[in-house]
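Trainee: I'm new to this structure and would love a close look at one part of it. Could you walk me through it slowly?

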Amino acid sequence: MGEQEQREAEAGGEASASAAAGSEQQHHAGEAPALLGCSRVKVYRLRDGGKWDDQGTGHVAIDYIEGSKDLGLTVLDEEDNETLLVHNITSDDIYRKQEETIISWRDPEAATELALSFQEAAGCSYIWDNICEIQRNLQFSNLGAIEVGPRPASEHLEASRVLHSHDESFRSVNGELRELPPVDLSNLPLILKTILEGGITDQMRVAELITQDRDFFPKLLEIFRMCEDLENLDDLHMIFKLVRGIILLNSPSIFDKIFSDEFILDIIGALEYDPEVAKVQKHRTFLKDHVIFKEAIPIKNVSVVSRIHQTYRIGYLKDVILPRTLDDGTMASLNTMIHTNNAAVISLLKDDACFIQELFSRMRSPNISVESKRELVRFLHEFCTLSKSLPLVQQLRLFRDLSGEGVFEIISDVLQSQDRKIVSAGTDIVILFLNQDPNLLRSYIVQQEGNSLLGLLVKGMVTDFGEQMHCQFLEILRILMDSFTMSGAHRDVIIEIFYERHLDYLVDVIASCCPPRSITRRATNSAAVGRNTEVHRIKPEILLNICELLCFCVVHHPYRIKCNFLMNNAIEKILTMTRRSEKFLVVAAVRFMRTIISRNDEHLVRHVVKFNLLKPIIDAFVENGDRYNMLQSGVLELLEHIRKENLKLLVIYVIESFSDQLMKFEHFGSIQAFKLKYQQYLESAETRLGASVPDIRKKAEGRGLEKEEEDYFNEDSDEEDSVRRTKHAHDEERKADVANGSEADDISSRPKSGGLVDYADDDDEDFNPPPKEPDRPAEDDELLKISRVKRKSVNTGDGKHADGEVRKRQKIETRITCSKISALTSLASKHKDSLASSSPSCEVNGIMGEHATHSVEQQHSTDTAETSRQIGGDCIKAMGNLSSEKAVNTTKTNDSEPYSVR
């Protein structure tokens, strides 16, 4: 015990002396006790109840535990230098750092949780780094990878202390970094510590100091070349960490320096020595020997060439050298540099008129080789792709200039090539133009003779260039015919060209690639007559894209697609895809029918019912059985849509045509609801039929009553015979007057006296027509007077019976009146014919007689037409005043007056 107390006293004396020496040194420096402040901690122990117990406040240090060769944590009380904590650091302990000022772990000897709460975050980081380094060395020692003992650990601890003391010499009183240490081999660890362990403010200050120091990178890269010549891997690994840390500072001014032609290769060389990679990378060898800068057109501007090289090297560093190391902020900054360089390169090249003209002249040259043509097409593709870096206005101006130079003629030639890569580049260029301004391509197609470019696009859609190419052609045709983006005079023209020349070809391609079977309707008038459609096996993906395009056309061009489908058997041909073995093609056919029906067009619905076009869909549904897949869901959704949209014709058609086939699917709610809708239609029809039976009976009774009234009026034939005899006598008189060349004034006016008969009294036997009136209004009044006639006498004592007869006859009087007026019009027409038949007798009177006859005919024709119009108007007036006139006439009836005829 005595020896142990003596050792503790000696240790306490040494600690006190060390603390006193440290305090004296800080006091002479005139600074705050930074070292003591960084090491000042509180020691906590976790109780059984879950609460932390404060064990005291002291200063922590990492040193060898007395009587042992192991390193550990020692905490001495700040008041009496008593030992608060002694902990041996092992590789098995698990340490946790919390909130930048707390380090906690579980002590196996005390069987409880311990924690150190630091006053300063810098002190916590310093102790934490040392603990991690000691554990790492212990793990390597256990694995036998390297020989680590007390000496390496002590050396590391001593180096950390030296670095900490040196770092303070480059900071001001308030802790701000004044300057960087001199760039030499011995100061590399201190520079690395300054860059990596500083906060955000320190990192911004370091970036500023590196930018201001012109000799920083030249000296650093000189050290790198020296270490590489000496094959000093330890220093090369440190330089790698240093360069990587400088890049992660994410400073644009630093990027401008390291990516310059002067330093970029050495910077990439320093990044070849990654300590985490066992083998040294050969990035510089790849950039020098394998990367070749190809110029399809010689670029004479040196600045453009330099930016192109810089852009490639930035991309190589970002994507190959440091893909896992760069954070999001640094990655975004590098992408911004690439974007800026691309915009500058495209802007300089587009302003060079000679460069653009030389490019297109070479592409039009007939003597160009295949390889040169491929390189020119790739260059044009890259040129158009990089143009997206320009502002929107400059992009539009560039594409218009390229269109004026004839870029679409070049693309037409490219699409006819057999090289898939060239064709792919050509379609990419077309899509870039369409995304920028679709009207540029539409104008070219409309003005082009023969429309070969549109035909090449349609043909490319059915050509096997690869799955990606099929989608490109589909997207091009969609954008070209998108009715929502079309404007101007080219809107209807481009659609008309497609429907007249190419739609039937696409439909025939589908029909030719499906298993043969008798089609319900044969084409009688097809636009594809005379066209030799290639019957060969086409990939299912192509058929799927064609079906997608047709669905697009149904939505965007409903009128034109309807006319085409109704005139030709296009729908039947498309539905032949239900015979294919590929289920996704069958689903595509169902989707096409769903699109057709969703238009709710009456003509298309009747077309579907008339030619039984849902039969292929129902057959595929039945053949699929109870398998739950897209086909089953698609057909059920189609039937559900028909039910919800109340398409009565289709509901009745489906149930009456396919009820037996759908019977085994009645467990589906959609099928049950569909049949219920059909029953509701039948019940509503029966209800309407039952409601119409009483109306039919009433109409039958009314017709019986009308029959009796007609028989009654047919008995008064004496007055009608007298009227016919009187009219015949007048006709004979008119013929005689015309034969003598008399004027036709009275003839033209007599039909206007009316076609109705007015009896003055019972004794009048002859008909005296009213005299001709000079005014038209008087003629109208005469017609109204003629329409007012006397009724037949009835028994005045039986007034109710008379009123009943009046009500019964009220319905038919208007019809009888109109029929009489029609008879009058027919009489005037016969009179005109009689005048025409008497014309030969007028030839003996010479020219004057012929002239008079023509004038009579002309005047009679005019008067007859006017008479018809007046009588028609009088008929309407008589119908409107029917009830009032009836009341007046009933008051004037007597025993000797007959019923009037209206």
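Trainee: Which residues does Phe498 touch, not counting residues up to four places away in sequence?

Mentor: Happy to help, and please keep in mind that this is a predicted model. Leaving out residues up to four places away in sequence, Phe498 touches Leu454, Val458, Met481, Leu503, Leu506, Leu549 and Cys553. Now place that residue in its setting. Phe498 belongs to the largest nonpolar core, which has 132 residues. It is listed there with Leu549, Met577, Phe592, Met593 and Leu614 as the residues with the most contacts inside that core. Notice that Leu549 is also one of the residues that Phe498 touches. Another core, of 46 residues, lies apart from this one, and Phe217, Phe240, Ile254 and Tyr316 are among its members.

From there, you can look at how two helices meet. The axes of H28 (residues 602–610) and H31 (residues 648–662) come within 10 Å and cross at roughly 10°. An angle under 35 degrees counts as roughly parallel, and therefore H28 and H31 are described that way. On the H28 side, the contact is made by Val605, Arg606, Val608 and Val609, while H31 brings Leu649, Leu650 and Tyr653. Sorted by class, this contact has six nonpolar residues, one charged residue and no polar ones.

Finally, turn to the strands. Seven of them form an open sheet with antiparallel pairing, in the order S4-S3-S2-S1-S7-S6-S5. S4 (83–88) and S5 (96–98) stand at the edges with a single partner strand each, so one side of each has no neighbour in the sheet. Within the sheet, seven bridges join S2 (residues 52–64) to S3 (residues 71–77), and Gly58 has Asp77 in S3 as its bridge partner.

How values were computed:
Residues numbered from 1 in each chain as written. Predicted model: local features only at pLDDT ≥ 70, side-chain atom pairs only at ≥ 80, totals over all residues. Heavy atoms only, no water. Axes fitted to C-alpha atoms, helices over the stretch in contact; angles between N-to-C directions. Helix = DSSP H or I, 4+ residues; strand = E, 2+ residues; numbered from the N terminus. Parallel < 35°, antiparallel > 145°, perpendicular 65-115°, else oblique. Contact = heavy atoms within 4.5 Å. Nonpolar A, V, L, I, M, F, W, Y, C, P; charged D, E, K, R; others polar. Pairing = 2+ DSSP bridges. Core = buried A, V, L, I, M, F, W, Y, C linked by side-chain atoms within 4.5 Å. Buried < 20%, exposed > 50% of the residue type's maximum accessible area, 1.4 Å probe, protein only.
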